[in-house]
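Student: I would like a close look at one part of this model, the site around the ligand, with enough of the surroundings to place it. Please take it step by step.

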Amino acid sequence: MTRVHIQDLSIRFGTHDVIKGLDLDVHSGEFLVLLGPSGCGKSTLLHTIAGLNPVSGGSIHIGEQDMTRAEPSQRGVGMVFQSYALYPTMTVKENLAFPLKMAKTPKAELEKRVAAAADMLQLTPLLERRPGQLSGGQRQRVAIGRAVVREAKVLLLDEPLSNLDAKLRTDLRRELKLLHSRLGNTMIYVTHDQVEAMTLATRIVVMHQGVIQQIGTPAEVYEKPKNLRVAGFVGSPAINRIEGQVGEGGVFASPAFSLPLPAVLAARPQGEVLTLAIRPENVRVGPSEAYEAEVQLVEPLGNQHVVWLSCSGSTVSAVLPGQPEVQESAKVRFGFDAEKTMWFDAVGDRLPIGD
Ligand SMILES: Nc1ncnc2c1ncn2[C@@H]1O[C@H](COP(=O)(O)OP(=O)(O)O)[C@@H](O)[C@H]1O
Ligand SMILES: [Mg+2]
């Protein structure tokens, strides 16, 4: 079992600090997902763990060993890149076998591992083809297979599913999770896709501009986001936000509506800017609800639908079960339970209200 321990890590390109003073403890055997918008430094961090970028400061331990400046081949990590990086003149089978050949794996063991990886990744019928004769999705499956056959203690994956079509992506996502529970190795997986992060991760690391915003289980980052960035990045449609102020008598006053503040926030100074946030699945629509709005748009999704509401300049989305019952431009009422609301201060940090 292998943990990855990163301390005070800095990575600089020229004068640009991409990662600054980052601490991260990846537990042995966990499926850790680095989640964040494009350009926030996810690939840079992953490549640095693999030994492909020079470290400007801090340390990286893999297992108990200091690997900060070790050669990539000495680190015991397997890497799957966003671009496939296959050998174009080799067949699929030769590509899969290559890392094992390099490691002088006995032939029988090599054949067994290649066959198992090919089977798992639906590559068996393609073993004699070359990369040029494969679709993008098939090439990426070969790249995943090539990292998997090595059975490295730490597997690093950089957006491995982003070039696949939706159906294959969901299938392969499930396979990766099953693979992880079979192998029990440590996986560090980079994605900007919050659904991938939620479904795969034992813990999610939410990053923004090279800084970790929160580390937590999928449930923790969803239900107890540390700040508005995390709250807004996780969940689809995105969490609804209503900006307002603390008004007289412990009331939250916004152009859209006013409501009593939760008890622990009622004594905050008048005029302080707060943001109320509520997940779309916690918004109800019906004649007896508290607030008035106009339906902007309805999006049917088969088993549920999204209603986009316009309320005094604010847009509020509601995810509701079944088929739509309201039409665009209709006047409706909406509401939510006070205990489902989240509250954030003017800099976007969440204010706990009893959790
Ligand atoms: N080799 C490099 N030289 C200079 N800047 C780089 C290099 N690699 C990445 N960057 C910069 O680092 C930042 C983070 O990039 P990256 O790690 O690829 O983000 P992500 O994977 O989260 O999309 C970007 O601003 C990018 O331009
Ligand atoms: Mg990237």
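Student: Before the site itself, among contacts in the protein chain between residues at least 6 apart in sequence, what percentage join residues at least 24 apart? And then, which residues are around ligand 1, and what lies behind them?

Tutor: This is a predicted model. For contacts between residues at least 6 apart in sequence, 65% join residues at least 24 apart. The protein chain has 355 residues, and buried residues make up 51% of them. It contains 8 helices and 20 strands. Its C-alpha trace spans about 75 × 45 × 35 Å along the principal axes. The chain exposes about 16,900 Å², of which carbon and sulfur atoms supply 51%.

Now the site. The residues around ligand 1 are Phe13, His16, Val18, Pro37, Ser38, Gly39, Cys40, Gly41, Lys42, Ser43 and Thr44. Sorted by class, this shell has 4 nonpolar, 6 polar and 1 charged residues.

Polar atoms of the protein approach oxygen atoms of the ligand at several points. A polar side-chain atom of Thr44 is 2.5 Å from an oxygen atom of ligand 1. For Lys42, an N or O atom of the side chain lies 2.9 Å from a ligand oxygen. Cys40 takes part through its backbone: an N or O atom there is 3.2 Å from an oxygen atom of ligand 1. On its own, ligand 1 has 560 Å² of accessible area, and the protein covers 57% of that. Two elements, β2 (16-26) and α1 (42-50), give two or more residues each to the shell. The largest share, 3 residues, comes from α1.

Helix α1 therefore deserves a separate look, since 8 of its 9 residues are buried and it is largely enclosed by the rest of the structure. The buried residues are Lys42, Thr44, Leu45, Leu46, His47, Thr48, Ile49 and Ala50. Lys42 and Thr44 thus appear both in this buried set and in the shell around ligand 1. After the helix comes Gly51, with a positive phi near 90 degrees.

Beyond that glycine, Asn53 sits in the loop between α1 and β4 (57-62). Asn53 counts as buried because its relative accessible area is 17%, and the cut-off for buried is under 20%. Its side chain turns up in two polar contacts with the helix. In one, a polar atom of the Asn53 side chain lies 3.3 Å from the backbone oxygen of Thr44. In the other, the Asn53 side chain meets the side chain of Thr48, also at 3.3 Å. Setting aside neighbours within four places in sequence, Asn53 is in contact with Phe13, Thr44, His47 and Thr48. Of these contacts, Phe13 and Thr44 are also among the residues around the ligand. Thr44 is thus a link in the picture: its side chain has a polar atom 2.5 Å from a ligand oxygen, while its backbone oxygen is 3.3 Å from the side chain of Asn53.

The cysteines can be dealt with briefly. Cys40, in the shell around ligand 1, is buried at a relative accessible area of 2%. Cys311 is likewise buried, at 2%. The disulfide count for the model is 0.

For comparison, consider another helix, α2 (residues 92-102). Its buried residues are Val92, Asn95, Leu96, Ala97, Pro99 and Leu100. The cover over them includes α3 (107-120) and α4 (136-149). α2 is followed by Lys104, whose phi is positive, near 55 degrees. Unlike Gly51 after α1, Lys104 is a residue other than glycine. Lys104 lies in the loop between α2 and α3 and is exposed, with a relative accessible area of 73%. Gln122, in the loop between α3 and α4, also has a positive phi, about 55 degrees, without being a glycine. Gln122 is partly exposed, at 41%.

One more backbone feature is worth checking on screen. The peptide bond from Ser236 to Pro237 is cis, with omega near -5 degrees. Pro237 is in the loop between α8 (228-233) and β11 (240-247).

Methods:
Residues are numbered from 1 along each chain as its sequence is written. Chains are lettered from A and ligands numbered from 1 in the order in which they are written. This is a predicted model: local features need pLDDT of at least 70, side-chain atom pairs count only at pLDDT 80 or more; totals for chains, interfaces and linings use all residues. Side-chain values use heavy atoms; hydrogens and water are left out. A residue is near a molecule or strand if one of its heavy atoms lies within 4 Å of it. A polar contact is a pair of N or O atoms within 3.5 Å; within protein, one must be able to donate a hydrogen and the other to accept it, and residues adjacent in sequence count only if both atoms are side-chain atoms. Accessible areas come from the Shrake-Rupley method with a 1.4 Å probe; for residues, only the protein chains shown count as cover. Helices (H or I, at least four residues) and strands (E, at least two) are DSSP runs, numbered from the N terminus. Ala, Val, Leu, Ile, Met, Phe, Trp, Tyr, Cys and Pro count as nonpolar, Asp, Glu, Lys and Arg as charged, and the others, Gly among them, as polar. A disulfide is a pair of cysteine sulfur atoms within 2.5 Å. Buried means under 20% relative accessible area, exposed over 50%, partly exposed in between (1.4 Å probe, protein chains only). Contact means heavy atoms within 4.5 Å.
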